[in-house]
Amino acid sequence: MKTGFWKLSTAGNTTLFLEKRCDAGEALELICAEQAGYVDLAARSLCMAGGEFCANACLAYGALLDALGFFPEQLSIGDTTIKVRARGKMPVWEVCAQFPLPECKWEGGEDVRVCHAQGISHVLLRCPELPAREGSLEIAAGVRRDWRLDSRPAAGVVWWRQLADCLEILPVISVPSLGTCNLEQACGSASIALALGMGAGRHSIRQPSGKTLLVDAGADSISVTGEVLFQASGELWATEAV
């Protein structure tokens, strides 16, 4: 089947937006993106292909809606309504997305904590130095098994450290239904989980891409601000989703 697509990058993390429900794993291979979502532009709604929660996709979708003339003040992902502010012009936007404060269940201790939120769980591993990227996927697979996360819609293993002026992360994200496991260039949901663990306030979080996401944790909401780059649009052929 043929479907329209758009590819945008939030702080280096690429999202493929699809007009029609097709085999998202196949489409991701064709277009070389890290995650995919189905969109209803008129309704300003987004459904991630793996059923996961993705904050960076929400920022990217805000930029896409603005680029196409929908000028969004809010959008929805699943059952969650998100306030958005998009400023910019082709091909670069700055987008701020404000999310309701997620209900989280925490496990673990000070240096190893697990944040279970709707649609995704993250293992947060504090370390003095981030590990080498080579071999991180295999290590992350073992961590997910240890915490029994392979049945979750999405699971992240996130190494992090405190620098003088910011936090820094190295996230590996798995979405089993799509068969994807990526060493992400940026991860908004991991940044949110880390900020929630650090407490209320503004947190500057450096992503593997070298770019920064700003996360503001408040009493009843949390917002993420980052740069979004419009990379490509067109049509692709992929197998129709079953």
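**Figure 1. Cys47 and its cysteine neighbour in the predicted model****.** Cys47 has a relative accessible area of 32%, so this residue counts as partly exposed. No disulfides turn up anywhere in this predicted model: the search of the whole structure gives 0. A disulfide is a covalent bond between the sulfur atoms of two cysteines. Cys47 is in no disulfide, and the nearest cysteine sulfur, that of Cys58, is 11 Å away.

**Figure 2. Cys54, a buried cysteine****.** With a relative accessible area of 9%, Cys54 falls below the 20% limit and is therefore buried. For Cys54 the nearest cysteine sulfur belongs to Cys187, at 6.7 Å. The cut-off for a disulfide is 2.5 Å, so Cys54 is in no disulfide.

**Figure 3. The largest cavity****.** The structure holds 1 cavity of 30 Å³ or more. The volume of the largest cavity is about 140 Å³. It is lined by 18 residues, and those closest to its centre are Gln35, Cys54, Ile173, Glu184 and Cys187. Both Cys54 and Cys187 of the previous view are thus among the residues closest to the centre of the largest cavity. Strand E12 (167–175), strand E13 (180–183) and H4 each give at least two residues to this lining. By class, the lining of the largest cavity consists of 9 nonpolar, 6 polar and 3 charged residues.

**Figure 4. The aromatic pair of Phe17 and Tyr61****.** A pair of aromatic rings is described by the distance of the centres and the angle of the planes. The model has 2 aromatic pairs. In the pair shown here, the ring centres of Phe17 and Tyr61 are 5.5 Å apart and the planes meet at 35°, so the pair is tilted. Phe17 belongs to strand E2 (residues 13–18) and Tyr61 to helix H2 (residues 55–67), so the pair ties together parts that are 44 residues apart in sequence. Phe17 and Tyr61 are both buried.

**Figure 5. The aromatic pair of Phe53 and Phe99****.** The ring centres of Phe53 and Phe99 lie 5.6 Å apart with the planes at 75°, so this pair is edge-to-face. Phe53 is in the loop between strand E4 (45–48) and H2, whereas Phe99 is in strand E7 (residues 92–100). The pair links distant parts of the chain, 46 residues apart. Phe53 has a relative accessible area of 21%, so this ring's residue is partly exposed. Phe99, at 3% relative accessibility, counts as buried.

**Figure 6. The largest pocket****.** About 490 Å³ of space lies in the largest pocket. Among its 27 lining residues, Phe53, Thr80, Pro102, Gln118 and Gly119 are the closest to the centre. Phe53 therefore appears both in the edge-to-face pair and among the residues closest to the centre of this pocket. E4, E7, strand E9 (112–117), strand E10 (120–126) and helix H4 (188–198) each supply at least two residues of the lining. The largest share, 4 residues, comes from H4, a helix that also supplies at least two residues to the lining of the largest cavity. In the lining of the largest pocket, 17 residues are nonpolar, 7 polar and 3 charged.

**Figure 7. Arg113 and the ring of Trp106****.** The charged end of Arg113 sits over the ring of Trp106. The distance from this charged end to the centre of the Trp106 ring is 4.2 Å.

Definitions and conventions
Residues are numbered from 1 along each chain as its sequence is written. This is a predicted model: local features need pLDDT of at least 70, side-chain atom pairs count only at pLDDT 80 or more; totals for chains, interfaces and linings use all residues. Side-chain values use heavy atoms; hydrogens and water are left out. Rings of Phe, Tyr and Trp (its six-membered ring) pair if their centres lie within 6.5 Å; planes under 30 degrees apart count as stacked, over 60 as edge-to-face and the rest as tilted. Buried means under 20% relative accessible area, exposed over 50%, partly exposed in between (1.4 Å probe, protein chains only). A charge sits over a ring if NZ of Lys or CZ of Arg is within 6 Å of the ring centre and within 35 degrees of the ring normal. On a 1 Å grid over the protein atoms alone, a cavity is a set of points where a 1.4 Å probe fits but cannot get out, and a pocket is an open set with protein on both sides within 12 Å along at least five of seven lines; lining residues have an atom within 4 Å of a point. Grid points are joined across faces, edges and corners, and a volume is the space filled by probe spheres set on the points. Ala, Val, Leu, Ile, Met, Phe, Trp, Tyr, Cys and Pro count as nonpolar, Asp, Glu, Lys and Arg as charged, and the others, Gly among them, as polar.
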